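Colleague: Before I plan anything at the bench, could we go through the empty spaces and the surface of this model together?

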Amino acid sequence: MGSETFDTHSSRYAVGLMSGTSVDGIDAAVVQITDCPDGKMSVKLIAFENTPFPAAVREDIFALFDPLKATVNKIGSMNVLLGELYAEASLSVITAAGLTNADIAVIGSHGQTIYHAPEASKLHGYEIHYTVQIGEGSVIAARTGIPCVSDFRPADMAVGGQGAPLVPFTEYLLYREAHRTLLLQNIGGIGNMTVIPAGCTQEQVYAFDTGPGNMIIDGVVERLYPGQQTMDTGGAIARKGRIHEGLLQLLTQEPYYTQPLPKSTGREQFGSAYIDWLLAYAKQQNMIAEDVVATVTMLTAWSIGDAYRRYVRVHDPADVLLVGGGGSYNPVMIEFLRQEMEPMGVQVMTQEEIGQSSDAKEAVAFALLADYTMKQQPNNLPNVTGAARPIIMGKISY
């Protein structure tokens, strides 16, 4: 479909789908996108739903994070199954919005990342860097009758980018201010920060992964409370614990934190093997479970503060850190973040405190990215991803 057949002159509805590194479920959002005369756009959230993955499906997805278990047949079948689940989530949220499929211009689906390798490696004389997201867009389009844009990251990587982070493009469109410098911090499985300097142009925005978000917290909770809990809901476990300075000091030595920008990370760095190593150390120190959870919660807050001090503060002293993602619902995390940021003059607020939705933010972003794909307009930020040039990301299925 060319841009001439995609109506950009009036309000239109789009669906955004997101399932992140925590693999807790599918976020689905319906948004109304309206082009404004000043060249900006208005994006209004109409409906949002989160559909948890069935336990058996979640287990099968986690198995694919291990390259030794991720056989071609398992990846292929899960790719189609996730397409079916994403399609069902789309149909459900469209109904919740009081709309019909015919009202929706496009579905944007991030897919489920099972492997992300942004650093180039040599293969038969070629420099290769790659990423793998599954959740077949053709299935989503076939079940809904709506064009689906999926597999966004490879286009950015093909022109030298890391394929991440992608959400800063939409954050610039929706959040920039003339007089305040904003930090937008997402705390999903991985933490990522977008820096939007006051009165900046698109080229002045920069962003990067700060390190683990909830990934290590979820990982240790799942191991320490087997069959009981998969996350520290509301920070209840961390609140009972004390920070173990020895473990925290050890964890802060991770080389990722000092890598130059642009940079991104994922489960390959902070996944199962990392949890094994961390818990082996905690066992040697005779640490109780609550102290482990409190310490790794502090690690995430520390990594955000460290990233601000290391990469941002000198050039772009910020006014506000706006926190979204699942971590924003952990009051202990927010307390630790305030301890880190407020002595540096940065106010910490959640998306909810400014009338937005932490849960829906990334799903909204992929609806907007898909809208740009359909308009045949670039939707990456080369300054953020390291790409050589602006590129139109996403593959369209009808």
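Modeller: Gladly, bearing in mind that this is a predicted model. One term is needed beforehand: helices are DSSP runs of H or I with at least four residues, numbered from the N terminus.

Colleague: Which helices each supply at least two residues of the lining of the largest cavity?

Modeller: The count comes to one cavity of 30 Å³ or more, and its volume is about 30 Å³. Its lining consists of Pro 165, Leu 166, Pro 168, Phe 169, Asn 380, Leu 381, Val 384 and Thr 385. At least two of these residues come from each of α5 (168-175) and α14 (382-385).

Colleague: How many residues of that lining are nonpolar, polar and charged?

Modeller: Asn 380 and Thr 385 belong to the lining, and residues of these kinds count as polar. The division is therefore six nonpolar, two polar and no charged.

Colleague: What is the make-up by class of the lining of the second largest pocket?

Modeller: This pocket has a volume of about 680 Å³, and among its 27 lining residues Phe 62, Phe 65, Arg 223, Arg 267 and Ser 272 lie nearest its centre. Helices α1 (55-63), α6 (215-224), α9 (267-270) and α10 (272-284) each supply at least two lining residues. By class, the lining has eleven nonpolar, seven polar and nine charged residues.

Colleague: Why can Leu 123 count towards a nonpolar surface patch?

Modeller: The patch, of about 410 Å², is made by Leu 123, Tyr 126, Ile 128 and Tyr 130; strand β6 (residues 126-134) gives three residues, whereas Leu 123 is in strand β5 (residues 112-123). A patch residue needs over 30% relative accessible area, and Leu 123 passes because its value is 46%.

Key. Residues are numbered from 1 along each chain as its sequence is written. This is a predicted model: local features need pLDDT of at least 70, side-chain atom pairs count only at pLDDT 80 or more; totals for chains, interfaces and linings use all residues. Side-chain values use heavy atoms; hydrogens and water are left out. On a 1 Å grid over the protein atoms alone, a cavity is a set of points where a 1.4 Å probe fits but cannot get out, and a pocket is an open set with protein on both sides within 12 Å along at least five of seven lines; lining residues have an atom within 4 Å of a point. Grid points are joined across faces, edges and corners, and a volume is the space filled by probe spheres set on the points. Patches are made of residues with over 30% relative accessible area and no salt bridge: like charges are joined within 9 Å, nonpolar side chains (Val, Leu, Ile, Met, Phe, Trp, Tyr) within 5 Å. Accessible areas come from the Shrake-Rupley method with a 1.4 Å probe; for residues, only the protein chains shown count as cover. A salt bridge is a side-chain nitrogen of Lys or Arg within 4 Å of a carboxyl oxygen of Asp or Glu. Buried means under 20% relative accessible area, exposed over 50%, partly exposed in between (1.4 Å probe, protein chains only).
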